[in-house]
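Welcome! Let us work through a few short exercises on a protein and the ligand it holds.

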Amino acid sequence: MNVVPDVSADHPTAASPESDNSLRAYTTLRLGGQAGILTVADETDEIVATVRNVGEDVLILAGGSNVVVGDAGFPGHVLLLRTRGVQVVERGAEHVVVRVAAGEPWDDFVADTVANGWAGLECLSGIPGSAGATPIQNVGAYGQEVAHTIVAVRAYDRAADEIRRITPEECRFAYRSSVFKHNDRWVVLEVDFRLTVSAESAPIRYAELARQLGVEAGDRVPLDRARDTVLKLRAGKGMVLDPDDRDTWSVGSFFTNPVLPALPSDEMPHWPGEGGTVKIPAAWLIEHAGFGKGFTRGGGVAISSKHTLALTNRGDGTTAALLELAREIRTGVHARFGILLHPEPVLVNCAL
Ligand SMILES: Cc1cc2nc3c(=O)[nH]c(=O)nc-3n(C[C@H](O)[C@H](O)[C@H](O)COP(=O)(O)OP(=O)(O)OC[C@H]3O[C@@H](n4cnc5c(N)ncnc54)[C@H](O)[C@@H]3O)c2cc1C
């Protein structure tokens, strides 16, 4: 195990390095106080050994793109996952199973799958963070989610002190959720994806993407065209990391889209959810509750000027100010629509 070096340089989701243990340097929000101890694992064995030895008081951090860390930091041991490796473990005429190490930067992996002619992840282009974190909240965008392609997760089970292969059923994937989310029991070590050997994308399911591509929903397009178009759409919303663009100093969507048993009002846009439920865009609720793009009360934090769902650090923000803004938005949406928004990121040593 290493004492922490300047790992931020080789991990695209980390902010600029700092000489101390400040977690600002390792979160895309560039917020969060000090870690008690900060170490890096670049081998799978090191992850398991550290978690086993340290016990309860360890925070796993990879790209830091889905965490809000309190201004007091994390007094325990922060373990930065930087394991690397991508290998084809099964090759058929029409499919491959690709095993990827937890610390592998997600978008590099997606770019490789597109370049290799493997379909299934192209619409998940441009999402920050690590491959190992994708099962945690069943990462999804533009009509794809990792639940569609994950066939196994290799994880360390802290309760049983053993490494296990977990099936997709056991993962209990749901919208922005799985058995792993808000659950310290598992540390994801590797993920297996089953991808289709094809120069064309999976059927395009997302209306906005289909429109941008000039195709009908259900059509396929060349893989690289799907990737490029998703990247372009995301960049326009500040959803691709850019160190010079503070609209991207965020966790992406701060709130999940509420899933309700029925549509409360015909004025609301919605998508069909599972089992007859409806999903309402949280961005629409926020905007119609009076919080537009760029909204701020000061404190160095604001709603992104490109997307209502992203709460951003403008450079001198604090986690306290960010959470205050989130509370005001949540209260305002509840007062206007009677709908309670839930945060998408994991809150570490802080609360909404
Ligand atoms: C600009 C921007 C756009 C985004 N767009 C999207 C999007 O379109 N769709 C989407 O779903 N998400 C999106 N996100 C959220 C985020 O990128 C994903 O959730 C990503 O998978 C988080 O990966 P990470 O490595 O940064 O996780 P981290 O932030 O490091 O960790 C997140 C949580 O997972 C845990 N964790 C991380 N790795 C492991 C592991 N190997 N084993 C066990 N626990 C682990 C951590 O302890 C923490 O609780 C976006 C974020 C940003 C900043």
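The exercises below explore a predicted model, with a worked solution after each task.

**Exercise 1. Find which residues come nearest to the ligand, and sort the shell by class.**

Step one: start with the whole shell, which counts 33 residues around the ligand. Step two: pick out those that come nearest, namely Ile60, Ala62, Ser65, Ser130 and Gly140. Step three: sort the shell by class, which gives 18 nonpolar, twelve polar and three charged residues.

**Exercise 2. Work out which strands each supply at least two residues of the shell around the ligand.**

Step one: the strands to mark are β3 (58-61), β9 (140-141) and β13 (186-197). Step two: look for the top contributor, and you arrive at β13, which gives three residues.

**Exercise 3. List polar atoms of the protein that lie a short step from ligand atoms.**

Step one: take the oxygen atoms of the ligand. A polar side-chain atom of serine 65 lies 2.6 Å from one, and a backbone N or O atom of glycine 63 lies 2.9 Å from an oxygen atom of the ligand. Step two: turn to nitrogen, where a ligand atom is 2.8 Å from a polar backbone atom of valine 188. Step three: add the cover, since the protein hides 94% of the 980 Å² of accessible area that the ligand has on its own.

**Exercise 4. Is serine 65 buried or exposed?**

Step one: locate serine 65 in the loop between β3 and β4 (67-69). Step two: read its relative accessible area, 16%. Step three: buried means under 20%, so serine 65 is buried. Step four: see what surrounds it; leaving out residues up to four places away in sequence, serine 65 touches Thr28, Pro128, Gly129 and Val251.

How values were computed
Residues numbered from 1 in each chain as written. Predicted model: local features only at pLDDT ≥ 70, side-chain atom pairs only at ≥ 80, totals over all residues. Heavy atoms only, no water. Near = heavy atom within 4 Å. Polar contact = N/O pair within 3.5 Å; in protein donor to acceptor, adjacent residues only side chain to side chain. Areas by Shrake-Rupley, 256 points an atom, 1.4 Å probe, with all protein chains shown as cover. Helix = DSSP H or I, 4+ residues; strand = E, 2+ residues; numbered from the N terminus. Nonpolar A, V, L, I, M, F, W, Y, C, P; charged D, E, K, R; others polar. Buried < 20%, exposed > 50% of the residue type's maximum accessible area, 1.4 Å probe, protein only. Contact = heavy atoms within 4.5 Å.
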